[in-house]
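Thanks for asking me to look this one over. Here is my note, in numbered points, to read with the structure open beside you.

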Amino acid sequence: PTPAINPSRGEVSASLTRYFDSPVAPPRFASKQARLDGWQPASLKGYEAAQLQYSVTTRSGRHLVTVHILDARNLELRGQRRVDVGGQTLWVDRPFGFSAVSYRDGRGMAYVFTSEMPEPELIDLVVSSDILHRIGERLR
């Protein structure tokens with residue numbers, strides 16, 4: 001796949017679905033201050049992944065948020081701290097001074113959000129995403 005810059009959400013969904021050979025959509029956030037800037041194929045700890053880049057404005061300023069999506073059915077997903085939200089488990093970490101929030105959906109796809117934004121703001125951003133709702137719908 002060719003990296004996409006400033007694509008529509010539909011274009012990214014179609015590209016991700018082809019890339020993973022399974023339906024995958026980029027996260028959408030409740031804040032209108034979050035913009036999907038692009039995506040590209042990537043590797044995360046040796047696993048094939050998709051890397052999405054967002055520009056997000058929060059109360060602390062403008063931040064870049066990177067989201068890695070990967071098939072994590074055979075991976076252990078952990079972090080320094082477990083946070084349970086609406087029946088879902090998020091893993092929170094602070095590697096190399098960055099905030100990180102990870103979770104796995106009901107199909108085994110992992111979403112790893114990283115940013116320099118303060119940890120509580122990144123958790124709020126992830127919780128505001130449609131991904132948690134989609135996960136809940138699949139598990140019902």
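The points below go from the overall fold to the aromatic rings and then to a few single residues.

1. A reminder before anything else: this is a predicted model. Every value in this note is computed from that model.

2. Let's start with the fold. The protein has three helices and eight strands, and from the N terminus on the order of the elements is β-α-β-β-β-β-β-β-β-α-α. The radius of gyration is 14 Å, close to the 14 Å given by the globule rule for 140 residues, so the protein is as compact as a globular protein of that length. Along the principal axes, the C-alpha trace spans about 35 × 30 × 30 Å.

3. How much of the protein counts as buried? The share is 46% of the 140 residues. The accessible surface comes to about 7,600 Å², and carbon and sulfur atoms hold 51% of that. As for contacts between residues at least 6 apart in sequence, 52% join residues at least 24 apart.

4. A brief word on charge. The protein carries 18 positive and 15 negative charges, and the mean positions of the two sets are 2 Å apart.

5. Now for the rings, where I would spend some time with the viewer. The structure holds six aromatic pairs. One of them joins Tyr19 and Phe20, with 5.0 Å from centre to centre and 75° between the planes, an edge-to-face arrangement. Tyr19 has a relative accessibility of 15% and therefore counts as buried, the cut-off being under 20%. Phe20 is likewise buried, with a relative accessible area of 15%.

6. Why is the pair of Phe29 and Phe113 called edge-to-face? The ring centres are 6.2 Å apart and the planes stand at 70°, and an angle over 60 degrees counts as edge-to-face. This pair links distant parts of the chain: Phe29 sits in the loop between α1 (9-20) and β2 (34-44), while Phe113 belongs to strand β8 (residues 109-115), 84 residues apart. Both Phe29 and Phe113 are buried. Ring pairs also tie these two into a cluster with Tyr54, Tyr103 and Tyr111.

7. Leu70 is a good residue to click on next. It lies in strand β4 (residues 61-71) and is buried, with a relative accessible area of 4%. Leaving aside neighbours within four places in sequence, Leu70 is in contact with ten residues you can pick out on screen, among them Phe20, Leu44, Tyr47, Met109 and Val112. For Leu70 and Ile123, the C-alpha to C-alpha separation is 20 Å in space, with their positions 53 residues apart in sequence.

8. Ser102 is also worth a look. This serine is found in strand β7 (residues 99-104) and counts as buried at 9% relative accessibility. Not counting residues up to four places away in sequence, Ser102 touches Leu77, Thr89, Leu90, Trp91, Tyr111 and Val112. Tyr111 is also part of the ring cluster in point 6.

9. Finally, two residues to check for backbone geometry. Lys45, in the loop between β2 and β3 (47-58), has a positive phi of about 55° although it is not a glycine. Is Lys45 buried or exposed? Lys45 is exposed, with a relative accessible area of 79%. Phe96, in the loop between β6 (88-93) and β7, has a phi near 55°, again a positive value in a residue other than glycine. Phe96 is exposed, with a relative accessible area of 83%.

Notes:
Residues are numbered from 1 along each chain as its sequence is written. This is a predicted model: local features need pLDDT of at least 70, side-chain atom pairs count only at pLDDT 80 or more; totals for chains, interfaces and linings use all residues. Side-chain values use heavy atoms; hydrogens and water are left out. Rings of Phe, Tyr and Trp (its six-membered ring) pair if their centres lie within 6.5 Å; planes under 30 degrees apart count as stacked, over 60 as edge-to-face and the rest as tilted. Buried means under 20% relative accessible area, exposed over 50%, partly exposed in between (1.4 Å probe, protein chains only). The radius of gyration is taken over C-alpha atoms; the globule rule is 2.2 Å times the number of residues to the power 0.38. Contact means heavy atoms within 4.5 Å. Accessible areas come from the Shrake-Rupley method with a 1.4 Å probe; for residues, only the protein chains shown count as cover. Lys and Arg count as positive and Asp and Glu as negative; His and the chain ends are not counted. The place of a charge is taken as NZ of Lys, CZ of Arg, CG of Asp or CD of Glu.
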